[in-house]
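User: I would like to learn how to read the features of a structural model step by step, with the general idea stated before each case. Could we begin with contacts and then move on to the rest?

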Amino acid sequence: MAKVSANISIDAEVKKQAQELFAQLGMDLSTAVNIFLRQSIRTKSIPFEITADVPNNITLSAMESAESGSDVYGPFDNVDDLMEALNA
């Protein structure tokens with residue numbers, strides 16, 4: 001199969017870290033990119049899950065409570081008062 005060059009822009013630090021990782025795995029960056037592309041073609045998808053970094057329901061509830069000022073303790077005048085509230 002004929003090989004061609006492709007130019008892509010990559011953050012310098014990401015490239016460095018990726019090269020280090022792939023070297024530990026016994027391959028160069030070009031080989032790793034080719035593996036990714038072949039797997040994408042084989043599965044007709046991006047070969048890993050891509051999700052938004054969304055807080056879970058517990059975190060969302062805590063954020064809403066903090067923003068509304070409900071279910072919030074403090075301020076505390078000293079560490080003993082804080083510890084007493086935490087241990088209650």
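Analyst: A contact here means that heavy atoms lie within 4.5 Å. With that cut-off, and leaving aside residues up to four places away in sequence, Ile10 touches Lys15 and Leu29. Please keep in mind throughout that this is a predicted model.

User: Where in the chain does Ile10 sit, and is Ile10 buried, partly exposed or exposed?

Analyst: Ile10 belongs to the segment before α1. Buried means under 20% relative accessible area and exposed means over 50%, with partly exposed in between; because its relative accessibility is 36%, Ile10 counts as partly exposed. Ile8 lies in the segment before α1 as well, but Ile8 is classed as exposed because its relative accessibility is 59%. As for distance in space, the C-alpha atoms of Ile8 and Thr31 are separated by 15 Å, with the two positions 23 residues apart along the chain counted as their spacing.

User: How should I read a helix such as α1, and what length does α1 reach from its first C-alpha to its last?

Analyst: An α-helix has 3.6 residues a turn, so residues three or four places apart point the same way. In this model α1 covers residues 12-24, and its 13 residues reach 19 Å from the first C-alpha to the last, close to the 18 Å expected at 1.5 Å a residue. Helix α3, which covers residues 57-68, has 12 residues and reaches 16 Å, close to the 16 Å expected on that basis.

User: Which residues have a side-chain oxygen placed at the start of α1, and which cap the N-terminal ends of α3 and α4?

Analyst: The pattern to look for is a side-chain oxygen and a backbone nitrogen, a polar contact being a pair of N or O atoms within 3.5 Å. At the start of α1, a side-chain oxygen of Asp11 comes to within 3.1 Å of the backbone nitrogen of Glu13. Asn56 caps the N-terminal end of α3, with a side-chain oxygen 3.2 Å from the backbone nitrogen of Ile58, and Asn78 caps that of α4, where a side-chain oxygen lies 3.1 Å from the backbone nitrogen of Asp80.

User: What should I look for in the backbone just after α1 and just after α3?

Analyst: Most residues other than glycine have a negative phi, and most peptide bonds are trans. Just after α1, Gly26 takes a positive phi of about 85°, and just after α3, Gly69 takes a positive phi of about 80°. Lys44 has a phi near 55°, a positive value in a residue other than glycine; Lys44 is placed in the loop between α2 and α3, and because its relative accessibility is 75%, Lys44 counts as exposed.

User: How many residues of α3 and of α4 are buried?

Analyst: Among the 12 residues of α3 the count of buried residues is 1, and the helix is hardly covered. For α4 the number buried among its 9 residues is 0, so α4 lies largely in the open. Within α3 we find Glu64, which is exposed because its relative accessible area is 55%, and whose C-alpha lies 45 Å from that of Asn7, 57 residues away in sequence. Within α4, residues 79-87, we find Met83, which counts as partly exposed because its relative accessibility is 38%; the C-alpha atoms of Met83 and Pro47, 36 residues apart along the chain, are separated by 48 Å.

User: Is Ser40 buried or exposed, and which residues does Ser40 touch?

Analyst: Ser40, in helix α2 (residues 29-43), is buried because its relative accessible area is 16%. Not counting residues up to four places away in sequence, Ser40 touches Ser45, Ile46 and Pro47.

User: Finally, what volume does the largest pocket have?

Analyst: Rolling a probe the size of a water molecule over the atoms shows where empty space is left. The largest pocket has a volume of about 580 Å³. Of the 17 residues that line the largest pocket, Val4, Ser30, Val33, Asn34 and Leu37 are the closest to its centre. By class, the lining has 11 nonpolar, 4 polar and 2 charged residues.

Technical notes. Residues are numbered from 1 along each chain as its sequence is written. This is a predicted model: local features need pLDDT of at least 70, side-chain atom pairs count only at pLDDT 80 or more; totals for chains, interfaces and linings use all residues. Side-chain values use heavy atoms; hydrogens and water are left out. Helices (H or I, at least four residues) and strands (E, at least two) are DSSP runs, numbered from the N terminus. The expected span of a helix is 1.5 Å times one less than its number of residues. A polar contact is a pair of N or O atoms within 3.5 Å; within protein, one must be able to donate a hydrogen and the other to accept it, and residues adjacent in sequence count only if both atoms are side-chain atoms. Buried means under 20% relative accessible area, exposed over 50%, partly exposed in between (1.4 Å probe, protein chains only). On a 1 Å grid over the protein atoms alone, a cavity is a set of points where a 1.4 Å probe fits but cannot get out, and a pocket is an open set with protein on both sides within 12 Å along at least five of seven lines; lining residues have an atom within 4 Å of a point. Grid points are joined across faces, edges and corners, and a volume is the space filled by probe spheres set on the points. Ala, Val, Leu, Ile, Met, Phe, Trp, Tyr, Cys and Pro count as nonpolar, Asp, Glu, Lys and Arg as charged, and the others, Gly among them, as polar.
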